[in-house]
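Okay, thanks for making room for me today. I'd like to walk you through some ring contacts and one small polar spot, so let me put the structure up.

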Amino acid sequence: MAITPSKAQDVWKDVGEHVQFTVLKLTRHNQALAQEAIQEFADRSQAIIRSLRIRDSHLAAESGLKVAFGFSNQAWTYLFPNAAKPSELETYQTLRGPEYSMPATDGDIFFHIRASNEAVVYEAQTQFMRFLKNITSVVDETKGFRYFEGRAIIGFIDGTEAPAIEDTAEYALIGDEDAPFINGSYAFAQKWQHNMDFWHNLKTEEQEKAIGREKFSDLELADEDKYHNAHNVASKFEPKGEEQKIIRMNVPFSNPASGKTGTYFMGYSRHWHIIKGMLQNMLDQSDFLLSFSDILSGQLFFIPSRDLLAAIADGDLNK
């Protein structure tokens, strides 16, 4: 069985201009009601997406609406107790290093919605909640945006180390190594809040040493010119000497008047252990980014393929 990107949700495509991240928690008051609601949502959500793409047709030649949603390990167990489970889906536990940690937080259902038109993002999430509001509560809702030139909020080009767009599906989508879940993906969501005053008080040369790249040109620095814990050093995961890649979709967010600014880190991958290895490396090497950032959340989700969503809608996972 070959990976078929057209059967996947939007996990390997562009970041978008306007972005909404939403994490919901199941109330767990009535399991049968929740299962019924999720079946209906799995069906109706696809019609909502198709409808909004038509309604926003003047932007269809640009980025258009893209949506990915999925379930945590605990949510999968609750909603589909008799169904098989993706082989690497687990409940994320806090990761720790010598100086810092990456906390695990609550979350059962996750949305990553993006479009060129913020009204479309708003309408998509609003319509989705019509089917979910009676069985969930909101854990977090974060609005992101595209910063100048697609840079990270700290001013550096983002995603340089990610695979080229023509290669992304292979890194993002589960293959025949876990055939029942082919064309699905593992998504790790993590919300970072930065001390921007600290960052802006660093000289450009110091910032470049901390990231490992030139700020303007994006050229990688020589190893001897980087800090030992530069971000592009600490975040590499190279088991057996071979660098592993994931699909990063980091998005800035901010309440600028109150000074709450940060990065919503999104990682999509064919294998959860690759993302986990990268995170642990960042902790073990005390990645410079951790020195001026607070990590507010961390959750792992499985993003089903569109075929699997159809099976959920038909009730096949609850038989």
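I'll go through the aromatic pairs, then the charges over rings, and finish on a threonine.

One thing up front: this is a predicted model. In it we find 26 aromatic pairs. Let me pick one of them, Phe-41 with Phe-128. Their ring centres are 5.5 Å apart and the planes sit at 90°, which makes the pair edge-to-face. Now, where do these two come from? Phe-41 belongs to helix α1, residues 31–55, while Phe-128 belongs to helix α3, residues 118–132, so this pair ties together parts that are 87 residues apart in sequence. And are they buried or exposed? Phe-41 is buried, with 2% relative accessible area, and Phe-128 is buried too, at 0%.

There's also an aromatic cluster to look at: Phe-71, Trp-76, Phe-80, Phe-181, Tyr-186 and Phe-302 form one.

Next, the charges. Arg-28 lies over the face of Tyr-78, 5.1 Å from the ring centre. Then we have Lys-191 over the face of Phe-253, with 5.1 Å to the ring centre.

Hang on to Phe-253, please, as it turns up again among the contacts of Thr-261. That threonine is in strand β10, residues 260–269. With a relative accessibility of 10%, Thr-261 counts as buried, because the cut-off for that is under 20%. So what does its side chain make a polar contact with? The side chain of Ser-254, at 2.6 Å. Leaving out residues up to four places away in sequence, Thr-261 also touches Ile-153, Trp-192, Gln-193, His-194 and Met-196, among others.

That's my tour, thanks.

Note on methods
Residues are numbered from 1 along each chain as its sequence is written. This is a predicted model: local features need pLDDT of at least 70, side-chain atom pairs count only at pLDDT 80 or more; totals for chains, interfaces and linings use all residues. Side-chain values use heavy atoms; hydrogens and water are left out. Rings of Phe, Tyr and Trp (its six-membered ring) pair if their centres lie within 6.5 Å; planes under 30 degrees apart count as stacked, over 60 as edge-to-face and the rest as tilted. Helices (H or I, at least four residues) and strands (E, at least two) are DSSP runs, numbered from the N terminus. Buried means under 20% relative accessible area, exposed over 50%, partly exposed in between (1.4 Å probe, protein chains only). A charge sits over a ring if NZ of Lys or CZ of Arg is within 6 Å of the ring centre and within 35 degrees of the ring normal. A polar contact is a pair of N or O atoms within 3.5 Å; within protein, one must be able to donate a hydrogen and the other to accept it, and residues adjacent in sequence count only if both atoms are side-chain atoms. Contact means heavy atoms within 4.5 Å.
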